[in-house]
Number of protein chains: 2
Amino acid sequence: MITSVNNGQIKNIIQLNQKAKARREQGLFVAEGRKMFLEAPADWVSRVYLAESVTGDTELMSHAEGFPCEVVSDSVFRQMSDTQTPQGILTLLKKPSYIEEDIWGSRAADQMHPLVMVLEDLQDPGNAGTIFRTAEGAGVDGIFLTRTCVDITNPKVIRSTMGSIYRMPFLYVESVVSLKEQLEKHHIRLFAAHLQGRNTYDKEDYKGGTAFLIGNEGKGLTDQASQAADCLIRIPMNGQVESLNAAMAAGILMYEAARQRRG
Amino acid sequence: MITSVNNGQIKNIIQLNQKAKARREQGLFVAEGRKMFLEAPADWVSRVYLAESVTGDTELMSHAEGFPCEVVSDSVFRQMSDTQTPQGILTLLKKPSYIEEDIWGSRAADQMHPLVMVLEDLQDPGNAGTIFRTAEGAGVDGIFLTRTCVDITNPKVIRSTMGSIYRMPFLYVESVVSLKEQLEKHHIRLFAAHLQGRNTYDKEDYKGGTAFLIGNEGKGLTDQASQAADCLIRIPMNGQVESLNAAMAAGILMYEAARQRRG
């Protein structure tokens, strides 16, 4: 049992929780909690850390069999945890590396019409995670993010995905402009949620190949990204509301596409 | 200029930021930031606190004229602030007290059909604030909250409303069951977002008087609340998603109602 925070593994977990650079260099990230462990794809799991107090939990322990495991004292666990009320289980995972085909692959092969998200410079971890979770619910195929977006393996993002991180393919791209050519090649129309959009979002057709572009929380989309879009759409707002929360706008659009596709 | 955190007013602001009990007893709450000051209804404002460093800001200062103001040193301001990067302006406000008629009043008088939200035991401040913001955008008339919900004058809720707190009438009620009679009297159907709902949400008609019921983030709705509903609706979810974020579910329902009402 590990009983000291000076243990090299523990120090490294703390680093991985705090620093995107460490996650990038090691190709690893951390997911906390029971659900995040139970839903993790087996080939992503690098090592499992269990607090002493959960070693009597038979469901957890039997699921942990077959993975490299470390038991740590409860006080060490609290210090390696990024949450206020740790659940006593933390999974060290290998970062997935997707290619473009993973994102529109399955549907494109079936002659279906992909539904994808494009996030430009999205910064809030909670928003990013909520978009992943809602995207899975709405039947989105994959998510593109510009390099300026929050690191998706940030522990706050991981938590907000509620497990969707394991199932939603994602790919970082240089910019929206550089992605545009690939979207065109796959006959995917790029719809940008924009405050100055001329068309109300529910008047457009999302049954064909569709990408929704969501911009930065404070600044919205860059001009280059807006210009790359095939269509600027607007979510009507009553009262004095200037904009919706970025994840909310994304969710409303994704569920409108899902509604149309259910027919 | 106030230069000590031991000043009675400053100590009280810190109390009001931290304690729901203090807010309840004094009937006051705190809103931070420029936008929250500029949009505040004049008759809600009790006092304005300005950090020394913003006293050269002519827009702020001219808007602050006519309100009781205090200038505080920047270091005191940082300590009275609830945010990581304070904007140097904090408004002390009187809590509004709405009555039922404020919530469905204006539309009911015009023979229109109210659209209201009912939140049961909602706990996350960010979710509550985001629901207020999205509700204003979607044209909701007002929000009922059970007494077990988060205090809406919590500073994190206030921030997430992005000003909608000033414009969206709200009322705490004992329980969903106790509210039901009033909803019936006003011919408002109560739709509960429920994982076991039989009807897909977009197959129902929300053009008549409509209330959407949203439950606790972890536990969902109580049995009593579900049973009080006229109709259980379900937001379809693909993949392995068990539920959507509570604010997201609320937003998708409110915007579906708005879509139907635009015709």
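Me: Why is B:S81 called buried?

Reply: One thing up front: this is a predicted model. B:S81 has a relative accessible area of 12%, and buried means under 20%, so B:S81 counts as buried. You'll find B:S81 in the loop between α5 (74-80) and β4 (89-94) of chain B.

Me: What is B:S81 in contact with, leaving aside its neighbours within four places in sequence?

Reply: B:N17, B:E32 and B:P86. There's also a link to a neighbour: a polar contact of 3.0 Å joins the side chains of B:S81 and B:T83. A polar contact needs N or O atoms within 3.5 Å, and 3.0 Å fits that, so the label holds.

Me: Over to chain A. How do you know that the span of helix α11 agrees with its number of residues?

Reply: Helix α11 of chain A covers residues 246-262, which is 17 residues. At 1.5 Å a residue, α11(A) should span 24 Å, and its end C-alpha atoms are 24 Å apart, so the two agree.

Me: What makes α11(A) largely enclosed by the rest of the structure?

Reply: Of its 17 residues, 15 are buried, so that description fits. Take A:Q260, which is found in this helix. A:Q260 has a relative accessible area of 11%, and the cut-off for buried is under 20%, so A:Q260 is buried. Not counting residues up to four places away in sequence, A:Q260 touches A:D202, A:E204, A:D205, A:Y206 and A:K207.

Me: And what sits at the start of α11(A) and just after it?

Reply: At the start, a side-chain oxygen of A:N245 comes to within 2.9 Å of the backbone nitrogen of A:A247. Just after the helix, A:G263 has a positive phi of about 75 degrees.

Me: Which helix gives the most to the side of chain A that touches chain B, and how many residues take part in the contact?

Reply: The contact takes 35 residues from chain A and 35 from chain B. Between them the chains bury about 2700 Å², with 51% of it on carbon and sulfur atoms. A:R133, A:M248 and A:Y255 supply 22% of the area that chain A buries against chain B, more than any other three residues. There are also 16 residue pairs in polar contact between the chains, counting pairs with both at pLDDT 80 or more. On the chain A side, α7 (125-138) and α11 each supply at least two residues, and α11(A) gives the most, with eight. That side of chain A divides into eleven nonpolar, 13 polar and eleven charged residues.

Me: Why is the pair A:K35 and B:E242 called a salt bridge?

Reply: Their closest N and O atoms are 3.5 Å apart. The limit is 4 Å between a side-chain nitrogen of Lys or Arg and a carboxyl oxygen of Asp or Glu, so this pair qualifies. Between chain A and chain B the count is four salt bridges, and over all chains the structure holds 36. A:K35 also meets A:E39 in a salt bridge, at 2.9 Å from N to O. In fact A:K35, A:E39, A:E136, A:R167 and B:E242 are linked in a network of salt bridges.

Me: Is A:K35 buried, partly exposed or exposed, and what makes it so?

Reply: A:K35 is at 24% relative accessibility. Buried is under 20% and exposed is over 50%, so A:K35 falls in between and counts as partly exposed.

Me: What makes A:K21 and A:E25 about one helical turn apart?

Reply: They are four residues apart in helix α2 (residues 20-26) of chain A, so about one helical turn separates them. The two form a salt bridge, with the closest N and O atoms 3.3 Å apart. Both A:K21 and A:E25 are exposed.

Me: How do you know that B:R34 and B:E59 link distant parts of the chain?

Reply: These two form a salt bridge, their closest N and O atoms being 2.7 Å apart. Yet B:R34 is in helix α3 (residues 34-38) of chain B and B:E59 in helix α4 (residues 58-64), 25 residues apart. B:R34 is at 26% relative accessibility and B:E59 has a relative accessible area of 44%. Partly exposed runs between 20% and 50%, so the term applies to B:R34 and to B:E59.

How values were computed:
Residues numbered from 1 in each chain as written. Chains lettered and ligands numbered in written order. Predicted model: local features only at pLDDT ≥ 70, side-chain atom pairs only at ≥ 80, totals over all residues. Heavy atoms only, no water. Expected span 1.5 Å × (residues − 1). Buried < 20%, exposed > 50% of the residue type's maximum accessible area, 1.4 Å probe, protein only. Polar contact = N/O pair within 3.5 Å; in protein donor to acceptor, adjacent residues only side chain to side chain. Contact = heavy atoms within 4.5 Å. Buried area = accessible area lost by both parts, 1.4 Å probe. Nonpolar A, V, L, I, M, F, W, Y, C, P; charged D, E, K, R; others polar.
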